[in-house]
Amino acid sequence: MTATLSPNVKRSSRVGALAAVLTTAMLCSQTVQAQLRVDISGVGATQYPIAVADFANNPAAQPIAEIIRADLSRSGQFQLVNATGANLNSESQIDHATWRNRGADYLAYGSVDQSGGQYSITYKLVDAVNGVEMDGIAFAGNEKELRRLSHRIADRIYEKITGVRGVFSTRIAYVLQTGDNYELQIADADGQNPQVMLRSKSSIISPAWSPDGSKLAYVSFETEKPVVYVQTLATGKREPVANFKGNNSAPAWAPSGNQLAVVLSRDGISQIYTINADGSGLRRVMRSPLIDTEPSYSPDGGSLVFTSDRGGNPQIYQVDLNGGDARRITFNGSYNISPEVAPDGNNLVYVTRRNGAYRIALQNMQTGSEQLLTTGPDDLSPSFAPNGMQVLYSSIQGGRSVLAVTSVDGRVRQTLSSLNGKVREPTWGPFTN
């Protein structure tokens with residue numbers, strides 16, 4: 001891949017540039033001690049006043065309310081009313097007028113009971129304005145699952161109040177480079193609980209989640225050439241699915257989970273192919289005299305958006321998989337790459353270069369109207385949250401490599417600061433049951 005299509009260390013530009021530093025990869029799955037710090041700026045257009053009381057009955061309950069508050073706060077859509085010290089575990093203890101007077105339209109509370117190594121979490125959400133219960137459920141799990149269950153409660157609160165499914169219990173994946181070492185990590189959506197899925201002395205690029213969240217596709221240079229692998233997260237088992245002559249890069253899963261789009265140079269120039277998830281059924285999507293790369297499926301699986309320099313400079317195109325000519329879909333600016341379509345199909349997110357700065361842009365798929373979501377100077381690899389409300393990307397801020405999140409209206413931004421190393425190529429995982 002030539003450098004004209006991708007800035008700095010983007011996935012396709014590195015295919016072949018790093019061959020001199022290749023060594024053997026080591027498979028590893030372990031918890032990483034270094035956590036990410038989350039800084040939040042901005043607020044949403046609408047904020048819902050809510051109080052989240054401390055959960056009662058058990059010392060292990062204290063972090064639950066703290067995690068829920070942090071989740072809701074990060075979204076920028078909630079105004080947290082101070083409820084620290086208020087331990088509530090029954091409807092009879094709630095004075096709705098008191099909470100209304102404190103400015104809370106909603107109140108979340110609950111309790112935790114323990115039996116041996118198992119915990120039972122009971123949670124309820126109350127509309128303090130109308131004095132009615134909106135939600136209530138019980139979860140069970142061990143101590144290690146308390147963080148995940150807290151995220152699930154925050155998801156329920158978010159959905160009950162906003163009408164949109166929450167993403168706090170989803171996961172993200174990214175590559176962390178420290179010196180000459182590369183790690184493929186997954187973490188909770190808030191950057192906590194990171195785990196190493198692959199550790200290598202060779203470059204790892206282009207991680208992509210399977211639609212069910214059970215696997216990651218990625219490119220590894222461990223055999224002295226770029227090869228596309230698929231790894232099952234639960235077992236660590238990994239298989240090469242695209243290992244053809246030349247470069248194999250830029251995997252993207254079809255919504256069905258049975259197929260991937262990949263970029264191969266087996267015919268002399270980087271072109272887009274589809275291939276079954278087991279490595280069979282290779283099919284070239286189209287023929288182009290110039291480079292086509294960075295494919296991404298539409299939500300219905302019927303088309304691909306991709307980057308090409310066929311028009312003289314990098315722009316984003318779309319092609320139907322059942323045939324037809326590719327059509328250009330970005331016209332603002334002279335350099336647009338790394339496309340991804342929103343889960344509802346309404347918007348396109350991509351990297352655009354404006355006045356020398358790489359920024360994240362959002363374009364309406366129907367009208368073509370564009371909004372610049374970030375300010376640069378080096379914002380790359382955008383990835384939609386599975387509810388389409390936020391975009392994850394990598395950034396350089398204050399000279400440091402960070403993961404960042406912006407709301408799709410650009411009003412709220414989160415920065416997940418790494419303690420050390422270069423964090424790049426993030427991808428947001430899907431909803432899972």
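The questions and answers below go through strands, burial and ring pairs in a predicted model.

Residues are numbered from 1 along each chain as its sequence is written. In this predicted model local features need pLDDT of at least 70, side-chain atom pairs count only at pLDDT 80 or more, totals for chains, interfaces and linings use all residues, and side-chain values use heavy atoms, with hydrogens and water left out.

User: How many helices and strands are there in the protein?

Analyst: Helices (H or I, at least four residues) and strands (E, at least two) are DSSP runs, numbered from the N terminus. By that rule the protein has 3 helices and 31 strands.

User: What percentage of the 433 residues is buried?

Analyst: A residue is buried under 20% relative accessible area, exposed over 50%, and partly exposed in between (1.4 Å probe, protein chains only). Of the 433 residues in the protein, the buried share is 56%.

User: In what order do the strands of the 4-stranded open sheet follow one another?

Analyst: Two strands pair if DSSP finds at least two bridges between them. The pairing in this open sheet is antiparallel. Its edge strands, each paired on one side only, are S11 (204-209) and S14 (238-242). The order is S11-S12-S13-S14.

User: Which residue in S12 stands opposite Trp 209?

Analyst: S11 pairs with S12 (residues 215-220) in the antiparallel sense, over 4 bridges. Opposite Trp 209, in S12, stands Leu 216.

User: How many bridges join S8 to S9?

Analyst: Strand S8 (residues 171-178) is mostly covered, with 6 of its 8 residues buried. In its hairpin with S9 there are 2 residues between the strands, and Gly 179 takes a positive phi near 65°. Gln 177 has Tyr 182 in S9 as its bridge partner. S8 and S9 (residues 181-188) run antiparallel, and the number of bridges is 8.

User: Which residue of S31 stands opposite Ile 172?

Analyst: S8 also pairs with S31 in the antiparallel sense, over 5 bridges. Opposite Ile 172, in S31, stands Trp 428.

User: Is Thr 427 buried or exposed?

Analyst: Thr 427 is found in strand S31 (residues 422-428). Contact means heavy atoms within 4.5 Å; leaving out residues up to four places away in sequence, Thr 427 touches several residues, including Ile 172, Trp 209 and Leu 392. Its relative accessibility is 11%, so Thr 427 counts as buried.

User: What is the angle between the planes of Tyr 48 and Phe 78?

Analyst: Rings of Phe, Tyr and Trp (its six-membered ring) pair if their centres lie within 6.5 Å; planes under 30 degrees apart count as stacked, over 60 as edge-to-face and the rest as tilted. By this rule there are 6 aromatic pairs. Tyr 48 and Phe 78 form a tilted pair, 5.7 Å centre to centre, with an angle between the planes of 45°.

User: Why does the pair of Phe 78 and Tyr 158 tie together parts of the protein that are apart in sequence, and by how many residues?

Analyst: Phe 78 and Tyr 158 form a tilted pair, 6.0 Å centre to centre and 50° between the planes. Phe 78 counts as buried at 3% relative accessibility, and Tyr 158 does at 4%. Phe 78 lies in strand S4 and Tyr 158 in helix H3 (residues 146-162), so the parts tied together are apart in sequence by 80 residues.

User: Which residue has its ring under the charged end of Arg 310?

Analyst: A charge sits over a ring if NZ of Lys or CZ of Arg is within 6 Å of the ring centre and within 35 degrees of the ring normal. The charged end of Arg 310 is 5.3 Å from the centre of the ring of Tyr 317.
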